[in-house]
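Colleague: I would like to go through the ligand site and the domain interface of this model. Please keep the answers short.

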Amino acid sequence: SVTLSESVVLIVGLGLIGGSVAKAAKANQICRQVIAYDCDDQALKLAKAKDIIDDYCLDLSVAVAQADLIVLAVPILSMESIFVAIKDCDLADKIITDVGSVKNNVLTAMMQVFGELLPQYIPGHPIAGSEQSGVMAAKADLFADHKVILTPHAFSNKQAMAVVSSLWERMGAEVLLMDVQRHDEVLAVTSHLPHLLAFSLVDTLATERDNQEIFRYAAGGFRDFTRIAASDPTMWHDIFVANKTAVLQALNDFTDGLEKLKVAVQTGNSQYMKGVFTRAKVAREHFS
Ligand code: NAD
């Protein structure tokens, strides 16, 4: 098998994340060639014209045949259809990874389609992104100084691990290893729950009468809290379907806390409110 610098990297799903991998790979001269496949032909043509990729392929099997390292960057619930589409390709000498925000369901989809966890498959998740989507929002430095979590499974091949780690490190990211279950629980709390709250808050205000008037008075706090509500609906729908159990647990814990705060507001329980706000302030200042 070829080294990373000699390899052809195939990006499947050339959106914000896939496009950023392509740009970062080219900017840092990490591999020999970056090619892409996407169901959106326009995105591929535009990316080629702008030199974000070296080439594209409208047939996934043809693209896979040319590739050494395959990066799946489609929405979470589309991963399974990609597995189905590449199932009959010769994957023996390929290394495959993905960037999905939920990890357990990708492995379940792989079991479903392949009947086993492929040793050359290394699941991954870059903890970097934005509320923007599409290849035109891609950035070459998106992963620099960010963490990337890899969740290798029991049969993951060491050489594949080394290549995928090196791909991310060459883009300036720090690679961390995590158990799949733990990954999904942690991300439910740190990322998925906050997005759900932001979507819910903005939707609640947007569906009220005279919302234009209300949004005119929205200041810094509202903007900080709700920036992420502009994120892509399909991507987030897929995340909540895929990570249902962990998200529901996080949501239950959160609504318990919120219910207690509601009572404190109702009854004017200053001690309780100040206790919560003070603990939160200390915790927030500690990690920022
Ligand atoms: P995006 O919408 O910008 O890009 C997704 C791309 O996949 C689009 O170009 C779309 O045309 C293509 N696509 C969709 N279904 C396809 C299919 N069946 N076959 C081929 N192409 C298909 O989304 P994104 O933000 O780049 O997210 C991609 C993946 O990265 C998701 O799995 C998401 O969970 C993960 N991720 C996103 C972020 C983020 O902040 N946006 C961060 C980390 C991980």
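Colleague: How far is an oxygen atom of the ligand from a polar backbone atom of Ser130?

Modeller: The model is predicted. A pair of N or O atoms counts as a polar contact within 3.5 Å. The polar backbone atom of Ser130 meets that cut-off, its separation from a ligand oxygen being 3.3 Å.

Colleague: Which residue has an N or O atom in its side chain 2.6 Å from an oxygen atom of the ligand?

Modeller: Gly134 offers a polar backbone atom, 2.7 Å from a ligand oxygen, so under the 3.5 Å cut-off that pair is a polar contact. The side-chain atom at 2.6 Å from a ligand oxygen belongs to Asp38.

Colleague: How much of the ligand's exposed area does the protein bury?

Modeller: There are 26 residues around the ligand, and Ile17, Asp38, Val74, Ser101 and Gly134 come nearest. The ligand taken alone exposes 830 Å², and the share of this buried by the protein is 86%.

Colleague: What is the area buried between domain 1 and domain 2?

Modeller: Domain 1 covers 4-178 and domain 2 covers 183-287, with 31 Å between their C-alpha centres. Each side brings residues to the contact, 16 from domain 1 and 16 from domain 2. Carbon and sulfur atoms give 69% of the buried area, which is about 1,300 Å².

Colleague: Which three residues supply 44% of the area that domain 1 buries against domain 2?

Modeller: The side of domain 1 that touches domain 2 has seven nonpolar, seven polar and two charged residues. No other three residues supply more of the area buried by domain 1 than the trio giving 44%: Leu77, Val102 and Glu131.

Colleague: Which residue forms a salt bridge with Glu131?

Modeller: Five residue pairs are in polar contact across the interface of domain 1 and domain 2, and the salt bridge count between these domains is one. With closest N and O atoms 2.7 Å apart, the salt-bridge partner of Glu131 is Arg227.

Technical notes. Residues are numbered from 1 along each chain as its sequence is written. This is a predicted model: local features need pLDDT of at least 70, side-chain atom pairs count only at pLDDT 80 or more; totals for chains, interfaces and linings use all residues. Side-chain values use heavy atoms; hydrogens and water are left out. Domain bounds come from an automatic or database domain assignment. Contact means heavy atoms within 4.5 Å. Buried area is the accessible area (1.4 Å probe) that two parts lose on being put together, summed over both. A salt bridge is a side-chain nitrogen of Lys or Arg within 4 Å of a carboxyl oxygen of Asp or Glu. A polar contact is a pair of N or O atoms within 3.5 Å; within protein, one must be able to donate a hydrogen and the other to accept it, and residues adjacent in sequence count only if both atoms are side-chain atoms. Ala, Val, Leu, Ile, Met, Phe, Trp, Tyr, Cys and Pro count as nonpolar, Asp, Glu, Lys and Arg as charged, and the others, Gly among them, as polar. A residue is near a molecule or strand if one of its heavy atoms lies within 4 Å of it. Accessible areas come from the Shrake-Rupley method with a 1.4 Å probe; for residues, only the protein chains shown count as cover.
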